[in-house]
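Hi,

Here is the structure I promised to pass on. Have a look at it first, and then read my notes underneath.

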Amino acid sequence: MVKLITIPFLVFSLNTWVSHNSIAQSNETADFSSLRIAQAGNDGEMLDFAVSKDQRYIAVANENKVIKLYDGHTGKFIKRINGHHLQLLEILISPDNEKLITIGFENSIAVFDLKSGNLINTLLLKNKIRCIDVDQQARTAVIGDNKGFISFIDLENFKIVKEIPSNTPQVTAVTYSPDYKQIAIGTGIAVGYMIKKYPIYLYDAKTWELTTTLSGLEGATTAIRYSYDGKSLFTGHKNNSRVLLKWDLATGKETVISKIVNLISAGGYTSLDIDRENSILVATTDDRSIQIYDLINNKQISNQFASKIRLVRKLDHFPRNVFGVNDGKNFIIGGFNKNLLYIYNAEKKGVAGYIHLFNEEWAVVSADGRMDGSLEAIRNLSWRAGYTSIPLENTFDASFTPRLLNTLTAQVHVQEEFKVEQAAREIPVLKIQAIDGKSLPGGISPTVKSSKKNITIQVAIEKNLPLVEEVRLFQNSKLVGTINAREDIKPLLTFEASLTDAFGAENFFYVTAKSKQGFDAEKSRFTVVYEGKTEEKARLFILTIGINEYRNPKYNLNYAVADATSFETALITGSRKLFDQPVVKNIRNAKATKVSILSAFREIQQQAKEQDLFVFYYAGHGVMSDGKQAESQFYLVPYDITQLYGRDDMLQEKGISAAELKELSKNINAQKQVFILDACQSSGALESVALRGAEEEKAMAQLARSTGTFWITAAGSEQFATEFADLGHGVFTYSLIEGLGGKADNGDKKITIKELSAYIENRVPELSEKHKGKPQFPSGYSFGNDFPLAFVEK
């Protein structure tokens, strides 16, 4: 007996969908129609994606044989893998996170080692593959094909060990049960004269023997999924209708969840998933819609088209998966255009955010405007309402939220949607009034010439003057001047700048203003061509600090001094072809007080010129203040701080704050600056490290962006910058030294700061996992121009 929950009826015309059904429609889903993407990326369309069982990895298959692997908790890009076929139709990650399995167009399967990205083996089958799943250890793959055969493949020896005819035209869906003891297999054909009732088979996963046959429906079973407890089976079917069923596996009885009848094919279900409580079902279809059902209240929550254009030409060429995460409280759903994934919150029944994958860059954006990601991906996005557009980058200070992806997939609520028009009304508007008293020519980014070394720049604030907190002048992406509210911001402001040919004759300037709400004004850009010449050669200034021994011995470290000294040596050695005689200052242990550190900065400030490079390296403790007396800030911890927590007054007196580091960077004329922090926290602070870690990452990112310099940091606070005796160094600095020694080189014998940062971000998790069993993730924040740090001698 079939129990009917809802039978919606849809009539399809060439122009519109008209719904005639009894399903209650919800308007609670967040509207992302105001989020705009500038470019689609270089790797073509997303063909498919997969999320590992523990959400540790997200793998994306693009056109041109490209597979990209991302960290499933942070969103960060990990590695690029060359696929085995130009058209990768399906990818999946083995339950043990050891292997990546891909299906190529027609009949090829390939297995890759997930950690190394190396191809293990490939196998060519005689028939076209329609579906695949693997067992818990990825030793066996179960494959269904277009000739109706079920094949069991030994993935260790890469051979077919058993082949069973299903006695149906095609095997269309396959999945293991949650305990990997049973396999459910869907069969059938969706169109043509052979449409009839085709069964669903249940096999014993150990013996590969048929145990149960369910009656099925007319047409094909195109999607199949067990409930978390394994007692129910959910199936999606396609024939002249599109049907969702729930099967009670104890009785074999079926329940209709939804039935859509259409005159012209509405497309079949391509994937489905449910939450742990069997209360929410999310399904995707091959006409690019996302359907979400409330199984408790018997209603369809959402029926969204993820693309306004129904693409018939490439029906096989788009992502069509949905993965439940956090026990099904949230779902990651294929985004169907421009490399987007949706994050859907099951409890509140709304879209919580987007994952934007752009080349090897990434960004996560929430409904309320929070964001995380790499600079290039963030710059590729903007909010728009009507004629109002706000680049995401302009909301960085207010909205940047480290580990946002993990927050969105773990949270049980959806934030209020970001109000674009309201934010736009509060953003200041600037105009470059004059350079050296002369008005600029017209255009978006005008160019003037000057033979003078020093120039003055007049900036007018044309809108929202009372809301301005700080006005900033950047030269070649580096911060060179600030005027803040404490200095009485006026409608007309004057900056001074010193021209350089460090990056060529063209000096690229822009001015922006930060509002009290944390939003940035649109950048006012201009270029000054310096017709003079810098006679002095560029110099390298190095300041390294290493603290093993603190006044309070419980904060002592093992390798901070060795790390600082070895990094200093590696940088001097690698940069010999770039700089004649580096200016080196080093401070160790008890000498590393605030007074001595600031004194060293001031000495460099007095000597460094625009063409020079300044590198600051710190190995010791770093900490976020409690923020009880003032706003929480990141602090470097000198030798004589005896209490990391609960003494903000001590941090303010003896520590070096992020605000002070910003001023120190601004006041050093060197246009090329790198700050490297191998900072960790005391293991006695475990109760608050998660929050402090996110705050510390945000502070570092804001510092990098506000100064236009490069910052590379060892770890978020809860990870702790890890030291290993067998390496003789902290893992972060060990990777730094490797990179400077040549391993970060891309083949041109020159190591740039971006190459070094990329190497560290990939090498540190690998090393820390090998030596400790848990990866440590460093962060690189690059808001300045790229430049070489070292040459490879070999």
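Below is what I found, starting with a sheet and moving on to two loops.

First, a word of caution: this is a predicted model.

The sheet is an open one with three strands, in the order 4-35-36, and the pairing is antiparallel. Strand 4 (35-37) and strand 36 (388-391) are at the edges. Each of these has a single partner strand, so one side of each has no neighbour in the sheet. On average, neighbouring strands here are turned by 35 degrees against each other, if you ignore direction.

If you want to see how strand 4 is held to its partner, go to strand 35 (residues 381-385): three bridges join the two, and they run antiparallel. For one contact to look up, take Ile37, whose bridge partner in strand 35 is Leu381.

Now the loops. Which residue has a positive phi of about 50 degrees although it is not a glycine? That's Phe158. You'll find Phe158 in the loop between strand 15 (149-154) and strand 16 (159-165). Is Phe158 buried or exposed? Phe158 is buried: its relative accessible area is 9%, and the cut-off for calling a residue buried is under 20%.

Ser477 is another residue to check for its backbone. Its phi is near 75 degrees, which is a positive value in a residue other than glycine. Ser477 is in a loop too, between strand 40 (468-475) and strand 41 (478-484).

That's all from me for now. Shout if anything is unclear.

Cheers

Conventions. Residues are numbered from 1 along each chain as its sequence is written. This is a predicted model: local features need pLDDT of at least 70, side-chain atom pairs count only at pLDDT 80 or more; totals for chains, interfaces and linings use all residues. Side-chain values use heavy atoms; hydrogens and water are left out. Two strands pair if DSSP finds at least two bridges between them. Helices (H or I, at least four residues) and strands (E, at least two) are DSSP runs, numbered from the N terminus. Axes are lines fitted to C-alpha atoms, for helices over the stretch in contact, and angles run from 0 to 180 degrees between N-to-C directions. Buried means under 20% relative accessible area, exposed over 50%, partly exposed in between (1.4 Å probe, protein chains only).
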